[in-house]
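Please open the model in your viewer and keep the sequence panel beside it, so that each selection can be followed in both. The tour moves from stop to stop, with a selection to make at each one.

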Amino acid sequence: MKTVGIIGAGQLARMLALAAYPLGIKTKCLSFTDENPASDVTDVIICREDDNKALKDFVNQVEVVTIETENIPLEFAKKIAADKPLYPSVETLAIAQDRLQEKQLFRSQNINTAEFFPIDSLESLKHAAKQLGFPCVLKTRFYGYDGKGQAVLTCEQDLMHAWQQLGEHPLILESFVPFELEVSLIAARNLQGQIEVYPLTRNEHQNGILRVSQAPYKHPLNELAQTQVLNLLKHLNYVGVFTVEFFIANNTLIANECAPRVHNSGHWTIEGADTSQFEQHIRAVCNLPLGSTKPKGFSLMHNCIGHMPDIEKILAIPGAHYHTYNKTPRASRKVGHVTLCGENKLEVLEQDKQITSM
Ligand code: AMP
């Protein structure tokens, strides 16, 4: 039986492991932290990032390695890739870890982005802010997620404060995009080059954290988003599931960031598509034929942030699917999600109001 190694053991690894089981594929996770939602359903080895022996043992026990987070040390990734196929590649990981390289990649493929400047001093911040005007958004280039490590600057007085908060990190200053909505496009490519693309998903964030995703989101820019992501996959010679988050402003697609992995905005595919993004990723990295991405009706995924809603109340809603990650509840923490599926979009949106009030 083939074993897929996964770096990380959070909820994404947990859902990858669950999707691998029916295919007769085992998983084994390597984690650098103590709380590991994947450990309920698969083996997890816990080690320090510099524990070369543990890494070697792990790599010896698997046939192929993938990740649930792009934020792993590149040196670590290089050691894995020297022994076993690693998807995504070290080169793709390097790009996806760095907001600057990500934007440069988009531009090189003729994909629109916000205007941006790399920032390494207060002087460069002042200069860039003058070019972009206010408001603008200052972000750490590395290790930012769920809106962490960023600040919206509204006037010159904000510059010094933001520099004091974030200035010890490499930074990027972006123009503020007055977007009408946010969407993401998820696609997969296997070793043979087969590509399958999911329909556009509409996403709503609050305080930088994804709250709700709806799919399929019918929009005239769906086809362009699909073409752009397809070109990226080919350009990167990519294997696995890949996600790009876009803003839509003035009927234009503006790429914000990419993730070389399964994505929170694709959780609806577990019940809402012919093949879930998790199974698709396992298929891709094991070089199996990819599955249909066709949506089954309309789906809405509601992130549970801070705490899980009452399971009895959720399961009483027809078409509702409850997913807990078994994480310790904490403010601003994603502890699970609920997906509502149905034929009638208005009915599903109405059901979602019940969840919002729980
Ligand atoms: P990010 O960490 O880049 O995904 O940003 C988190 C959220 O902040 C995004 O989903 C947007 O809602 C908002 N945001 C990020 N960058 C910008 C920008 N340049 N202009 C406007 N809003 C932004």
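Select Asn251 to begin, in the loop between β14 (240–249) and β15. In this predicted model, the phi of Asn251 is near 60 degrees, a positive value in a residue other than glycine. Most residues other than glycine have a negative phi. With a relative accessibility of 56%, Asn251 counts as exposed, because the cut-off for that class is over 50%.

Go next to Asn326, which sits in the loop between β17 (320–324) and β18 (334–342). Its phi is near 55 degrees, again a positive value in a residue that is not glycine, and Asn326 is exposed, at a relative accessible area of 51%.

A third asparagine to select is Asn264, placed in the loop between β15 and α9 (269–272). Is Asn264 buried or exposed? Its relative accessible area is 10%, and Asn264 is therefore buried, since that class takes in values under 20%. Display the side chain of Asn264 together with that of Lys334, and a polar contact between the two side chains can be drawn at 3.0 Å.

**Two cis peptide bonds**

Now select Tyr87 and Pro88, and look at the peptide bond that runs from Tyr87 to Pro88, which is cis, with omega near 5 degrees. Pro88 belongs to the loop between β5 (86–87) and α4 (90–97). Further along the chain, select Ala215 and Pro216, where the peptide bond from Ala215 to Pro216 is also cis, with omega near -5 degrees. The loop that holds Pro216 runs between β13 (209–215) and α8 (222–235). Most peptide bonds are trans.

**Domains and the ligand**

Colour the chain by its domain assignment, which gives domain 1 (3–86), domain 2 (115–175) and domain 3 (181–356). Taken over C-alpha atoms, the centres of domain 1 and domain 2 are separated by 34 Å.

With these colours on, select the ligand and the 14 residues that surround it, of which the closest are Arg99, Lys139, Val177, Glu182 and Glu257. Which domains each give at least three residues to this shell? They are domain 2 (115–175) and domain 3 (181–356). By residue class, the shell around the ligand divides into five nonpolar, four polar and five charged residues.

Turn on the polar atoms of the ligand and inspect three distances in turn. An N or O atom in the side chain of Gln150 is 3.0 Å from an oxygen atom of the ligand. At Ser175 the partner is a backbone N or O atom, which lies 3.0 Å from a nitrogen atom of the ligand. At Glu182 the side chain takes part, with an N or O atom 2.5 Å from an oxygen atom of the ligand. The ligand on its own has 480 Å² of accessible area, and the protein covers 90% of this. To see which elements give two or more residues to the shell, select β7 (136–140), β9 (171–175) and β15 (252–259).

**Salt bridges**

Keep Lys139 selected and add Lys103 and Glu174, because these three residues are linked in a network of salt bridges. The count for the model comes to 15 salt bridges, and three further pairs can be visited individually.

Select Arg14 and Asp40 first, a salt bridge whose closest N and O atoms are 2.7 Å apart. This pair links distant parts of the chain, since Arg14 is in helix α1 (residues 11–20) and Asp40 is in the loop between β2 (26–31) and β3 (43–46), 26 residues apart. Arg14 counts as buried, at 10% relative accessibility, whereas Asp40 is partly exposed, with a relative accessible area of 47%.

Then move to Lys53 and Asp57, whose side chains meet in a salt bridge at 2.9 Å, N to O. Both residues lie in helix α2 (residues 52–60), four residues apart, about one turn of the helix. Lys53 is exposed, at 58% relative accessible area, while Asp57, at 33%, is partly exposed.

Finish at Glu115 and Arg107, where the side chains meet in a salt bridge with an N to O distance of 3.6 Å. Glu115 is partly exposed, with a relative accessible area of 46%, and Arg107 likewise counts as partly exposed, at 36% relative accessibility.

Notes: Residues numbered from 1 in each chain as written. Predicted model: local features only at pLDDT ≥ 70, side-chain atom pairs only at ≥ 80, totals over all residues. Heavy atoms only, no water. Salt bridge = Lys/Arg side-chain N within 4 Å of Asp/Glu carboxyl O. Buried < 20%, exposed > 50% of the residue type's maximum accessible area, 1.4 Å probe, protein only. Domains from an automatic or database assignment. Near = heavy atom within 4 Å. Polar contact = N/O pair within 3.5 Å; in protein donor to acceptor, adjacent residues only side chain to side chain. Areas by Shrake-Rupley, 256 points an atom, 1.4 Å probe, with all protein chains shown as cover. Nonpolar A, V, L, I, M, F, W, Y, C, P; charged D, E, K, R; others polar.
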